[in-house]
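Biologist: I would like to go through the labels attached to this structure and ask what each one rests on. Please set the value against the cut-off each time.

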Amino acid sequence: MTRDNVEAIWNSVESFYRTGLQPGMSMVIRRQGEIVLKRSIGHARGNPPPNHPDQDLDQVLMTPDTPVCLFSASKAITAMLVHKLQEQGKLSLNDTVGSYIPEFACNGKENITIAQVLSHRAGVPQIPISNPHPSLLFKWESVIDLINSGYTNHGDGNQQAYHAIVGGYILGEIIKRISGKSVEQCLEEFIAKPLGAKYLSYGIDKKHQNLAAFNYSTGALPMFPINILAKRALNIDFEKIASISNTPDFMNASIPAGNIYGTADEVSRFYQMMLDGGEYKGKKIFETSTIASATKPVGSIKFDQTLMIPIRFSAGFMLGESVFSLFGIKARQAYGHLGLINIVTWADPARDISVAFLNTGKSLDPRSIPALGKVLISVGSNCSVLNK
């Protein structure tokens with residue numbers, strides 16, 4: 001890569017920032033294991049949309065080391081905790097969920113496997129309750145009880161429907177029951193500590209909460225049918241999510257599918273470890289075979305019944321495509337995860353890059369997706385393919 005390549009990528013991020021939809025953004029790119037871009041723009045706090053009560057907050061600059069909620073990009077990291085348990089011989093992805101959570105094995109859910117949960121083919125994409133109060137997300141046992149008592153007509157693994165929240169709780173409960181430890185302890189032991197990460201935790205420690213970036217709902221309010229699709233996926237109104245995420249209750253909770261906090265550098269470090277076959281600074285965090293299993297496609301591209309787009313999954317990761325995908329152009333080998341619309345985290349073995357693009361504007365504004373697309377295209381076009 002040349003300096004011009006790096007600046008071209010950053011220019012696309014600045015262009016996104018100029019839309020006014022992103023209060024704060026940070027990006028880290030590693031190329032062949034070396035950091036080639038580590039920058040931020042905007043503010044972690046005190047730069048809300050017009051007429052927001054937080055206008056009175058002191059402005060705090062965003063930095064590449066600001067902890068940011070990853071939202072659904074958390075799913076990829078949670079998935080690797082499950083893969084670690086398989087690596088240790090404590091489970092098989094082909095085991096049924098009911099083997100570890102007997103209460104789950106009812107109402108059409110008897111044959112659902114862990115692999116199907118990881119690949120969004122378990123047939124239980126939503127918490128089975130109408131208009132749940134957002135505080136339900138902070139009540140682990142209540143959510144598990146609701147999921148266990150729920151019904152499905154799609155428990156055969158044939159339907160792909162993105163599990164925005166439910167899958168994380170199922171996997172988290174399996175992790176707890178098998179390991180005898182909390183998901184927080186497993187994340188710390190298996191991934192965060194070996195990576196030397198200061199954050200990378202479910203929620204964020206109280207002593208660091210004043211450093212966490214605030215999220216804001218920005219731009220035009222989502223209109224039909226986008227607002228309906230968003231609520232269908234998330235169980236709550238899209239525009240409420242940002243404000244909920246800024247509360248102590250959210251920061252103190254563990255939501256396996258949606259509230260890992262980390263810096264852009266820490267997330268890029270995680271994906272670099274994946275690229276390096278599970279190794280970081282001489283430490284073997286995962287076996288190479290575990291990485292291969294976690295990133296292997298579970299099938300061909302399929303129309304997702306929740307996201308309403310065609311997309312491929314592995315057992316835990318969203319996958320790239322040959323033309324255009326979540327990870328830019330000609331990124332068939334790429335794997336990673338999207339986080340609440342604009343956060344994108346991924347590794348691309350063909351380009352030998354690990355990327356974390358974190359931001360705090362939660363927007364379904366029509367300007368948002370094209371601006372994000374330009375960033376993704378810029379990364380792909382300015383990082384040439386090295387490995388066919």
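Biologist: Where is Lys 362 placed?

Modeller: Lys 362 is in strand β18, residues 361-362. The model is a predicted one.

Biologist: Why is Lys 362 called buried?

Modeller: Its relative accessibility is 1%, and buried means under 20%, so Lys 362 counts as buried.

Biologist: Which residues is Lys 362 in contact with, leaving aside neighbours within four places in sequence?

Modeller: Contact here means heavy atoms within 4.5 Å. Among the residues that qualify are Phe 71, Tyr 216, Phe 238, Leu 340 and Ile 343. Asn 215, Ser 217 and Thr 218 are also in contact with Lys 362.

Biologist: What does the side chain of Lys 362 reach at 3.2 Å?

Modeller: The backbone oxygen of Asn 359. A polar contact requires N or O atoms within 3.5 Å, so the pair at 3.2 Å meets that distance limit.

Biologist: Phe 71 was in that contact list. What makes Phe 71 stand out in its backbone?

Modeller: Phe 71 has a positive phi of about 50° and is not a glycine. The residue lies in the loop between β4 and α2 (74-87). Its relative accessibility is 5%; with buried set at under 20%, Phe 71 is therefore buried.

Biologist: What can be said of His 120 and its phi?

Modeller: His 120, also not a glycine, has a positive phi of about 65°. Its place is in the loop between α3 (114-118) and α4. The relative accessibility of His 120 is 5%, so His 120 counts as buried under the 20% limit.

Biologist: Which residues of α4 are buried, and how do you know that they are on the same side?

Modeller: In helix α4, residues 140-149, they are Trp 140, Val 143, Ile 144, Ile 147 and Asn 148. These residues cover an arc of only 135° around the axis, which puts them on the same side of α4. What covers them includes α5 (166-179) and α6 (183-192).

Biologist: How many disulfides are there, and how do you know that Cys 69 is in none?

Modeller: The count is zero. For Cys 69, the nearest cysteine sulfur is that of Cys 186, 20 Å away. A disulfide needs the sulfur atoms within 2.5 Å, so Cys 69 does not qualify.

Biologist: Are Cys 69 and Cys 106 buried, partly exposed or exposed?

Modeller: Cys 69 has a relative accessible area of 0% and is therefore buried. Cys 106 is at 22%; partly exposed runs between 20% and 50%, so Cys 106 counts as partly exposed.

Biologist: Which residue stands opposite Cys 69?

Modeller: Tyr 261 in β7. Two bridges join β4 to β7 (residues 260-262), and the strands run antiparallel. Pairing needs at least two bridges, so β4 and β7 count as paired.

Biologist: What makes β4 and β5 edge strands?

Modeller: The three strands form an open sheet in the order β4-β7-β5. β4 (68-69) and β5 (201-202) each pair on one side only.

Biologist: What is the strand order in the open sheet of nine strands, and why are β3 and β10 at the edges?

Modeller: The order is β3-β2-β1-β17-β16-β15-β12-β11-β10, with antiparallel pairing. β3 (60-61) and β10 (302-303) each have a single partner strand, so one side of each has no neighbour in the sheet.

Biologist: How many bridges pair β16 with β17?

Modeller: Five, in the antiparallel sense, between residues 343-348 and 353-359. Thr 345 has Ala 356 in β17 as its bridge partner. Helix α1 (residues 3-17) lies across β1, β2 and β17, at about 20° to β2.

Biologist: Why do β10 and β11 count as paired?

Modeller: They have two antiparallel bridges, and at least two are needed, so the pair qualifies. Lys 302 stands opposite Ile 311 in β11. Their hairpin has six residues between the strands, and Met 308 there takes a positive phi near 60°.

Biologist: What is found in the turn between β11 and β12?

Modeller: This hairpin has four residues between its strands, with Gly 316 at a positive phi of about 135°. Two bridges join β11 to β12 (residues 318-319), and Arg 312 stands opposite Leu 319 in β12.

Terms used: Residues numbered from 1 in each chain as written. Predicted model: local features only at pLDDT ≥ 70, side-chain atom pairs only at ≥ 80, totals over all residues. Heavy atoms only, no water. Axes fitted to C-alpha atoms, helices over the stretch in contact; angles between N-to-C directions. Buried < 20%, exposed > 50% of the residue type's maximum accessible area, 1.4 Å probe, protein only. Arc of directions from axis to C-beta. Polar contact = N/O pair within 3.5 Å; in protein donor to acceptor, adjacent residues only side chain to side chain.
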